[in-house]
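Student: I should like to learn how to read a protein model step by step. Could we begin with one helix and then turn to its surroundings?

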Amino acid sequence: MTLDEKAHQPLAELIAAGDSVDSLYSALKDAFEGERTAVSSADDLKALRDRWMGRKNGLIAAANDAWLKAAPRELKPQVGKRQNEIRQAIEAALEQAQNDVAALGRKREALDVTLPGPERRLGAKHPVRRTLEEILSIFRELGYSVAEGPEIESFFYNFEALNFPADHPAVDEMDTLFVEDKMLLRTHTSPNQIRIMEKTPPPMRYVVHGKVYRNDAPDATHSPMFQQLEVFCVDENITLADLKGTLEHFVRRFFGRGIKTRLRPSFFPFTEPSAELDITCVFCAGRGCRICKQTGFIELLGCGMIDPNVLRSAGLDPEKYQGFAAGFGLDRIAMNKYDINDISLLYNGDTRFLRQFR
Ligand SMILES: [Zn+2]
């Protein structure tokens with residue numbers, strides 16, 4: 001007799017034929033567990049539930065009628081207890097199976113190769129990076145090499161070798177972030193001029209760029225960390241005309257043909273003579289606006305002929321060699337180019353801002 005048949009057979013007859021309450025319920029339990037391990041889908045689970053817990057035709061309902069209700073009086077407590085136990089065990093097992101099947105379904109969904117994949121947001125080049133790459137490509141075409149250098153610099157390379165007088169305001173601790181005695185976070189990229197000149201025989205043409213640090217309170221146009229780029233060239237017979245021609249070429253390539261330049265005398269410790277380069281205001285095309293204060297020009301960079309003292313610091317003979325240098329804030333140029341009005345936007349990592357530059 002199969003278990004299914006036994007479940008519909010009155011208990012007294014089964015006991016007379018050699019079964020016991022324990023053996024009958026153990027057989028039920030074993031059979032259920034065997035079938036439960038074969039469940040691998042929601043359909044399997046429904047079939048298992050119907051077969052065991054169906055209200056009319058389920059095996060547990062059958063056992064309830066044939067075994068419990070028909071049990072001899074003296075066996076009723078024992079049968080009732082076992083009936084109750086197996087019903088609860090099966091309900092719990094079915095609930096667990098329900099969870100397993102749901103999890104399996106989710107796993108299969110995740111592996112469904114016919115579904116469209118999750119959206120992957122493309123990254124964007126940071127506006128400062130874009131600006132840098134564009135400028136580097138212009139100078140590479142002119143035969144310039146690109147170099148970087150240490151961000152922690154010695155006092156010598158950052159100031160002394162660049163002809164800063166000891167009482168220059170930039171040397172003051174208010175502007176400079178010292179790491180330890182005579183070691184500091186570089187305040188400009190110019191120390192690389194000395195480092196390169198020391199190791200490279202002229203002629204040399206270099207672009208150096210990187211992060212620089214000043215003890216400035218952050219506001220819309222100041223950040224304690226910003227990025228500089230400078231170009232320099234050392235050779236025999238270099239004149240101010242070479243500087244002017246190089247910068248004019250750069251400005252036209254970067255901002256467009258219609259942009260005019262003008263040099264204004266200025267002062268920097270490391271160049272002599274020194275100048276600032278203004279260009280036609282890119283916001284109003286020279287007509288005059290709020291940004292250029294109605295002058296039609298905006299200041300772009302500082303430049304000049306490399307001071308003989310600087311060449312000497314690097315071991316070069318200023319009687320034989322001359323050079324020019326020009327430097328500017330990359331951030332400021334990027335802000336001009338992309339019409340960004342707050343420098344902190346460049347560095348606070350807000351992806352909503354950066355996404356615009358895709
Ligand atoms: Zn303007």
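**Reading a helix, a sheet and a core**

Tutor: Let us begin with the side of helix 7 on which Glu-133, Ser-137, Arg-140 and Glu-141 are exposed. Please keep in mind that this is a predicted model.

Student: Which residues of helix 7 are buried?

Tutor: A residue counts as buried if 20 or more other C-beta atoms lie within 10 Å of its own. In helix 7, this applies to Pro-127, Val-128, Thr-131, Leu-132, Ile-135 and Phe-139. Viewed down the axis of helix 7, the buried residues fall within an arc of 135°, so they line one face of the helix.

Student: What covers the buried residues of helix 7?

Tutor: The cover includes strand 5, strand 6, helix 10 (240-255), helix 12 (330-338) and helix 13 (344-347). Helix 7 (residues 127-141) lies across strand 1, strand 5 and strand 6, and runs at about 5° to strand 6.

Student: How far apart are the end C-alpha atoms of helix 7?

Tutor: One compares the expected span with the distance in the model. With 1.5 Å a residue, the 15 residues of helix 7 should span 21 Å, and the end C-alpha atoms are 22 Å apart, which agrees. Just after helix 7, Gly-143 takes a positive phi of about 90°.

Student: In what order do the strands of the open sheet lie?

Tutor: One reads a sheet by following its strands from edge to edge. Here seven strands form an open sheet in the order 1-5-6-10-9-8-7, with mixed pairing. Strand 1 (145-147) and strand 7 (261-268) are the edge strands, each pairing on one side only. From one strand to the next, the twist averages 25°.

Student: How many bridges join strand 6 to strand 10?

Tutor: There are eight bridges between strand 6 and strand 10 (residues 322-329), and the two strands run antiparallel. Asp-235 stands opposite Gln-322 in strand 10.

Student: Which residues have the most contacts inside the largest nonpolar core?

Tutor: A core is read by asking which of its residues have the most contacts. The largest nonpolar core has 47 residues, and Phe-232, Cys-303, Ile-306, Phe-324 and Ala-326 have the most contacts inside it. Strand 6 (residues 225-235) supplies the largest share of this core, five residues. A second, separate core has twelve residues, including Leu-11, Leu-59, Ala-63 and Ile-90.

Student: With which residues is Cys-303 in contact, leaving aside its neighbours within four places in sequence?

Tutor: Among the contacts of Cys-303 beyond those neighbours are Leu-243, Leu-247, Thr-271, Ala-275 and Phe-324.

Terms used. Residues are numbered from 1 along each chain as its sequence is written. This is a predicted model: local features need pLDDT of at least 70, side-chain atom pairs count only at pLDDT 80 or more; totals for chains, interfaces and linings use all residues. A nonpolar core is a set of buried Ala, Val, Leu, Ile, Met, Phe, Trp, Tyr and Cys residues joined through C-beta atoms within 7 Å. Helices (H or I, at least four residues) and strands (E, at least two) are DSSP runs, numbered from the N terminus. Two residues are in contact if their C-beta atoms, placed from the backbone, lie within 7 Å. Two strands pair if DSSP finds at least two bridges between them. Axes are lines fitted to C-alpha atoms, for helices over the stretch in contact, and angles run from 0 to 180 degrees between N-to-C directions. The expected span of a helix is 1.5 Å times one less than its number of residues. The arc is that of the directions from the helix axis to the C-beta atoms.
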